[in-house]
Amino acid sequence: MSTGLCRGCGADIIWAWTEAGQRMPLDPARYPREDTTANVAVRTDHTGRIWARVISKDRPLAPFEHRGMPHFASCPARPRKPRDELAARRRRNRPGGSR
Ligand SMILES: [Zn+2]
C-alpha cells in the first residue's frame with residue numbers, strides 16, 4: 001500500500017513518487033488550492049500510484065492535481081535545520097582547518 005506511519009513521529013503518511021523516481025512521504029491532508037505553504041502537487045494515476053511534484057511558476061497546480069505537504073516539512077520529530085548542522089560538521093572535518 002502507499003500509506004504508512006512516519007518512523008519519526010508516528011503520524012499517518014502517504015508515500016508518493018516523484019518524477020525523479022524517488023519516494024516522498026506526504027501528509028494525508030489535502031490543502032486548499034490557494035495555500036502556497038503546501039508546495040507539492042499531488043495526483044493519482046489510473047493504476048492508483050500517487051505522484052508528487054513541487055509546484056513552480058512554470059508548472060502551476062493543474063486541475064487534476066491537489067495541494068499536498070511533504071511530511072518532512074511538517075514532521076515534529078525532524079530536526080529543524082539539518083542543512084546548518086551538515087555545514088557545521090563539514091567545517092569541523094575539513095583537513096587543515098582553523099586550528
Ligand atoms: Zn513524522
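In this predicted model, Ala-52 touches Ala-16, Trp-17, Thr-18, Glu-19, Met-24, Leu-26, Val-40 and Ala-41, leaving aside residues up to four places away in sequence. Several of these partners return in the nonpolar core. The largest such core has 8 residues: Ile-14, Ala-16, Met-24, Leu-26, Val-40, Val-42, Ile-50 and Ala-52 itself. At least two residues of this core come from each of β2, β3, β4 (40-44) and β5.

The chain as a whole contains 2 helices and 6 strands. Read from the N terminus, the order of elements is β-β-β-β-β-β-α-α, with the strands ahead of the helices. Of the 99 residues in the chain, 27% are buried. The exposed surface of the chain comes to about 7600 Å², and carbon and sulfur atoms supply 52% of that area. Among contacts between residues at least 6 apart in sequence, 50% join residues at least 24 apart.

Charged pairs come next. Side chains of opposite charge can pair when their charged atoms come close. The count here is 2 salt bridges, listed below.

| Salt bridge | Closest N to O distance |
|---|---|
| Glu-19 and Arg-59 | 3.0 Å |
| Glu-65 and Arg-53 | 2.8 Å |

In the pair of Glu-19 and Arg-59, the closest N and O atoms are 3.0 Å apart. Glu-19 sits in the loop between β2 (12-17) and β3 (23-26), and Arg-59 in the loop between β5 (50-54) and β6 (66-68), so this salt bridge ties together parts that are 40 residues apart in sequence. Glu-19 has a relative accessible area of 52% and is therefore exposed, the cut-off for exposed being over 50%. Arg-59, at 41%, is partly exposed. Glu-19 is also one of the residues that Ala-52 touches.

The other salt bridge joins the side chains of Glu-65 and Arg-53, with 2.8 Å from N to O. This pair links distant parts of the chain, with Glu-65 in the loop between β5 and β6 and Arg-53 in strand β5, 12 residues apart. Are these two residues buried or exposed? Both Glu-65 and Arg-53 are buried, a term that stands for under 20% relative accessible area.

Strand β5 thus recurs in this account: it supplies at least two residues of the core, and Arg-53 of the salt bridge with Glu-65 lies in it.

Technical notes. Residues numbered from 1 in each chain as written. Predicted model: local features only at pLDDT ≥ 70, side-chain atom pairs only at ≥ 80, totals over all residues. Heavy atoms only, no water. Helix = DSSP H or I, 4+ residues; strand = E, 2+ residues; numbered from the N terminus. Buried < 20%, exposed > 50% of the residue type's maximum accessible area, 1.4 Å probe, protein only. Contact = heavy atoms within 4.5 Å. Areas by Shrake-Rupley, 256 points an atom, 1.4 Å probe, with all protein chains shown as cover. Salt bridge = Lys/Arg side-chain N within 4 Å of Asp/Glu carboxyl O. Core = buried A, V, L, I, M, F, W, Y, C linked by side-chain atoms within 4.5 Å.
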